[in-house]
Amino acid sequence: MLSGVRVIEIADEQAEYVGLLLAGLGAEVIKIEPPEGNSTRSIGPFAGDERDPEGSLYFWHYNRAKQSVALDLTTSSGRAQLRELAANGDVLVDSTKRGYLSSLGVSLDNLRAAAPSLITARVTPFGDDGPWSDWKGSDLIHLALGGPMMNSGYDPAPDGRYDLPPIAPQMWQAYHITGEQLALAIVAALVQRQRTGRGQHLDCAVHDAVSKCTELDIASWVMRAIPFYRQTSRHAAAAVSKSPTIAYTKDGRWVLIQPVAKERIPNLLVLLEKYGLDQPLRADFEAAAEPTGGALTGRYIPGSSAPTDLAIKCHDSLQRLFAKFTFDEVPWQEAQDAGILAAPLRRPEENIADPHWKVRSVFSEIEHPERDVKYVDITGKWVSDTTAWVVGARAPRLDEHHPAAGALKPSASRSSIPSGPRSAGGDGEENPFPLAGIRIFDFSWFLASAGGTRFLTALGAECIKVEWKSNPDSRLAVTAMAPVGGREARDRATGPLEGISATDYGDDYQNMGGQFHLKNSGKRGISLNVRDPRGLEIARRLISMSDVVAEGFSPGVLERWGLGYDVLRELKPDIIYAKQSGMGAFGTYGRMRTVGPVAQAFSGISELSGLPAPAMPAGWGYSYLDWIGAYSFGLSIAAAIYHRNETGDGQWIDASQVESGLFLGGTAYLDASVNGRSWQRFGNRSPYKQAAPHGAYRCAGQDSWIAIACFTDAEWESLCEVAGHPEWRSDSRFATLSARLDHQDELDRVVTSWSATADARALMETLQTAGVPAGACQTAEDRIDRDPQLRHLNWMTEVTGTKIGTWPIPELPVRMSGSTATVAGRIGRGAPNYGEDNAYVYAELLGMSDDEIAALAADEVI
């Protein structure tokens, strides 16, 4: 998709994932390393467990398909070569320390001044200005401050006290979250440059990006001041539920179970009867008299409401069933066939041999001739009929691709950009929306697909969201419904507020969902019954006027409606048709049902979080893969737009939520194929980028914790000084990093004995001032009401919905110097009410008369 684009990367673990994504999309990525090699070459695991900078499996994974050029930027010749690379490139990605490049006379501003079409993209821990701009970050620190940790972990003790700390999901997730969003913004900037010829500067703080990547807790606190509580391997929620959602197999593995809808219980009883386990659930079901709901119903949204007693009994029945099987034999597919959302909690590397992923060419074998080894890596995120993910060569050896002076030619992309500004698609503003002039006909829903088009809307695309009342999107997430009394009541609130109910607002109830407002802001919305032939014809007319058709249904739905890709191309030859389902449109699993937790279990992401076995996996406390799926879906469409602008070709994109999770498995695949080692959980510790202490430590107050990460002896010595325990430095168990790694249990005990009486936020400030990476484990309340750096970064934007009113919504975390980008989109509005833009679409775009529109409405076509 990005063939001809050249990316210059000066990055550590904060931004190497950005370069990996761009390389996979076809860009030429030239990695600038210091003469001694990049710091990430010291991150494990290592091939053969030998600490060799050329054998880091971390480096192998995150730098596949890149080139290496070693430059000493402290020398004039090194700086001259950097200027030459930038002058002939398209994108420069930088995650160096604040002021480093400027101090050498090669600031990003200077590089852009010399090459005005250059796009520079900077990643920082907390931003280059603001009260925390000098603070140190790490994956652990960002997951603590950003909210994922306080959503993820284990159930409290029976008395409600959390006796275990929150758990940071492993595998560099803070930087994945950041990299996904920055890559999307970079591609959008490239699309804008195709029209204007201008480059620009992009800026993303990891803290900002991560803080926006939790799910229900933000909208629930914003709307109704509801705090959330973490639970073992299930969504954090307003109250801890009575039943776990993972079942134990008899060989010590785990299977995920999601709440069973009442209409699926007869199917469950048939399954249980096969194994002689249908009682006592059958009697309980026959005795239940729960209402089925009205005409407008919402799909199950994980974590949005507490399970019923009947749902808990379904869980218990499934747990008894699965406990009779080994992990490899457990009948989770039979449960899926019965309409039950179940999946094995796989380890990441267990997906490598799955025939489904082989059919979809998700994994590739990479040759490393110098080591006489072949290893398996994840090399694709979606499938297309026109473009392919680039596998590329093994990660480069240090300075392997150093060009001869003056030999580098301008990138192919640079040579084709317009020589002067051009106006297109309403793009006449000083800072235009990068995707101005793009129209998306949007069948997506829920976060994994609808979130992707929401990001494109924020970047300027006009998005027409299609719904029908018999099957609407996720409008009714109960915990995040707007409160009785609206914003005024919330501003006065000193505790949780009652939510609006259907009796309060009647038909307008469906327009009061805070989650829907957040996920679909900036979009236009129409009601359209595509199953009616007249509705289908309307859809065809709108598609012929669109650039993109996006959908998030199960495979085959649009084809059954008569809107398959062959039909779409007849309507618009260069159409981009992007679809995202749980497992993809083809392969061996067919219509396997997924939601975020199911995708996370199957992909291996759930197994990445938790204390070491035999402890239960902690999993993720929200639908993380809904967010990652949304970022990935948005990236696929933006890159397809760039490719179409270059070639004139549209394409069919088949994405899957599970594949977006597989792509995060990282070094687990390499460790398995090179070292024969299966992934094992390690709690909050850091065995690969070695650090000790490294964890979450109890502080004063209820469920209050601080994350601390000491990677160097200097950081440890500063912690000892802050703690007032200089004797820790001379203790032979703690005197060196190696010794501390060997005695982490004792180290954690002494650190906790000190931290347990301290205020987490005050201690965080003191440690960071002393140069120690530290961060309070923040809730949504902390981030929204108490975080001065997020406030400085303007991380929320006030957005008005026509019925729901004005509420703060997390803004895009990437600031673009030459573009306008905002969650309110070009129309400057919140999520659409049901059918809110019928008049605009049917009258203004399609030219229908009032009588025609009224007749279609009367016939329930629109």
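**Notebook: a cavity and a helix**

I looked up what lines the largest cavity, and α8 gives the largest share, 3 residues. The model is predicted, so I kept to its limits: local features need pLDDT of at least 70, side-chain atom pairs count only at pLDDT 80 or more, and totals for chains, interfaces and linings use all residues. Residues are numbered from 1 along each chain as its sequence is written, and side-chain values use heavy atoms, without hydrogens or water.

My search of the whole structure found 8 cavities of 30 Å³ or more. A cavity here is a set of points on a 1 Å grid over the protein atoms alone where a 1.4 Å probe fits but cannot get out; lining residues have an atom within 4 Å of a point. The largest cavity has a volume (the space filled by probe spheres set on the points) of about 90 Å³. I noted its lining residues, among them Gln181, Leu184, Phe455, Tyr631 and Met816. Two elements give two or more residues each: α8 (173-196) and β26 (814-816). Helices (H or I, at least four residues) and strands (E, at least two) are DSSP runs, numbered from the N terminus.

Next I turned to helix α11, residues 265-274. Ile265, Leu268, Leu269, Leu271 and Leu272 are buried (under 20% relative accessible area, 1.4 Å probe, protein chains only). They cover an arc of only 160° around the axis (taken from the directions to the C-beta atoms), so they sit on the same side of α11. The face turned away carries Val270 and Lys274, both exposed (over 50%). I then checked what the buried residues pack against: α12 (281-287), α13 (309-322) and α14 (332-337), with contact meaning heavy atoms within 4.5 Å. Glycine 276 follows α11, and its phi is positive, near 70°.

Technical notes. On a 1 Å grid over the protein atoms alone, a cavity is a set of points where a 1.4 Å probe fits but cannot get out, and a pocket is an open set with protein on both sides within 12 Å along at least five of seven lines; lining residues have an atom within 4 Å of a point.
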